Amino acid sequence: MTTVEWHGEELKARLDERIGECLELAAGDVDDDAHQLCPVDTGLLQSTIRHDVDGKTATIEAGGDIADYAVYVELGTVKAAAQPFLRPPLLSLRWLQRFFE
């Protein structure tokens with residue numbers, strides 16, 4: 001007979017210790033990939049891509065007040081095809097591996 005011991009509280013404590021580090025690495029990966037994929041004309045939009053980690057929350061953003069057209073580049077318009085640069089890195093889930101290293 002095999003005995004299985006559950007160490008849920010220990011696992012939770014270890015995850016809590018590493019979550020900020022993992023989020024920083026994962027957000028950095030998405031940020032790097034978005035910079036690579038971002039279409040460049042003047043470089044303004046690309047220069048606004050950044051990430052921030054606050055506790056257990058990671059934020060990736062582009063555009064802001066400086067390049068408020070980021071959404072139109074990402075999603076396209078009636079006259080211009082989409083040139084997604086944020087969604088592909090997020091949807092690739094490559095960043096997820098950071099939580100299992």
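How many of the 101 residues of this protein count as buried, in percent? The answer is 26%. Please keep in mind throughout that the model before us is predicted.

Let me begin with the overall layout. The protein contains four helices and two strands. Read from the N terminus, its elements follow the order α-α-β-β-α-α, with the two strands placed between two pairs of helices.

I turn now to the dimensions. For a compact globule of 101 residues, one would look for a radius of gyration near 13 Å, whereas this protein has 18 Å. The C-alpha trace extends over about 65 × 25 × 20 Å along its principal axes. Where residues at least 6 apart in sequence touch one another, 52% of those contacts join residues at least 24 apart.

A word on the surface and on charge. The accessible surface amounts to about 7400 Å², and carbon and sulfur atoms account for 56% of that area. There are 9 positive and 19 negative side chains. The centres of these two sets are 3 Å apart.

With that background, I should like to direct your attention to one residue, Glu74. Glu74 belongs to helix α3, which covers residues 70-75. Is Glu74 buried or exposed? Glu74 counts as buried because its relative accessible area is 7%, under the 20% cut-off.

Which residues, then, does Glu74 touch beyond its neighbours within four places in sequence? They are Ala82, Gln83, Pro84, Phe85, Leu86, Arg87 and Pro88. Two of these present their backbone to the Glu74 side chain. The backbone nitrogen of Phe85 is 2.8 Å from a polar atom of that side chain, and the backbone nitrogen of Leu86 is 2.9 Å from a polar atom of the Glu74 side chain.

Arg87 adds a link through its own side chain. The side chains of Arg87 and Glu74 make a polar contact at 2.9 Å. Arg87 sits in helix α4, residues 87-92, so this polar contact joins a residue of α4 to Glu74, and Arg87 itself is partly exposed at 37% relative accessibility. Setting aside neighbours within four places in sequence, Arg87 is in contact with Glu74 and Leu75. To give a sense of distance across the model, the C-alpha atoms of Arg87 and Arg14 are 30 Å apart, and 73 residues separate the two along the chain.

Moving past helix α4, we reach Leu93, in the segment that follows α4. What is notable about the phi angle of Leu93? Phi is near 65°, a positive value in a residue other than glycine. Leu93 counts as partly exposed, because its relative accessibility is 46%.

Finally, let us step back to the approach to helix α3. Tyr69 is located in the loop between β2, residues 57-61, and α3. Tyr69 is partly exposed, with a relative accessible area of 32%. Beyond its neighbours within four places in sequence, Tyr69 is in contact with Leu44 and Leu45. Tyr69 and Ala27, by comparison, are 42 residues apart in sequence, and their C-alpha atoms lie 22 Å apart.

To close, I would return to Glu74. In this predicted model, Glu74 is a buried residue whose side chain has a polar atom 2.8 Å from the backbone nitrogen of Phe85 and makes a polar contact with the side chain of Arg87. Thank you for your attention.

Terms used:
Residues are numbered from 1 along each chain as its sequence is written. This is a predicted model: local features need pLDDT of at least 70, side-chain atom pairs count only at pLDDT 80 or more; totals for chains, interfaces and linings use all residues. Side-chain values use heavy atoms; hydrogens and water are left out. Buried means under 20% relative accessible area, exposed over 50%, partly exposed in between (1.4 Å probe, protein chains only). A polar contact is a pair of N or O atoms within 3.5 Å; within protein, one must be able to donate a hydrogen and the other to accept it, and residues adjacent in sequence count only if both atoms are side-chain atoms. Contact means heavy atoms within 4.5 Å. The radius of gyration is taken over C-alpha atoms; the globule rule is 2.2 Å times the number of residues to the power 0.38. Accessible areas come from the Shrake-Rupley method with a 1.4 Å probe; for residues, only the protein chains shown count as cover. Lys and Arg count as positive and Asp and Glu as negative; His and the chain ends are not counted. The place of a charge is taken as NZ of Lys, CZ of Arg, CG of Asp or CD of Glu.
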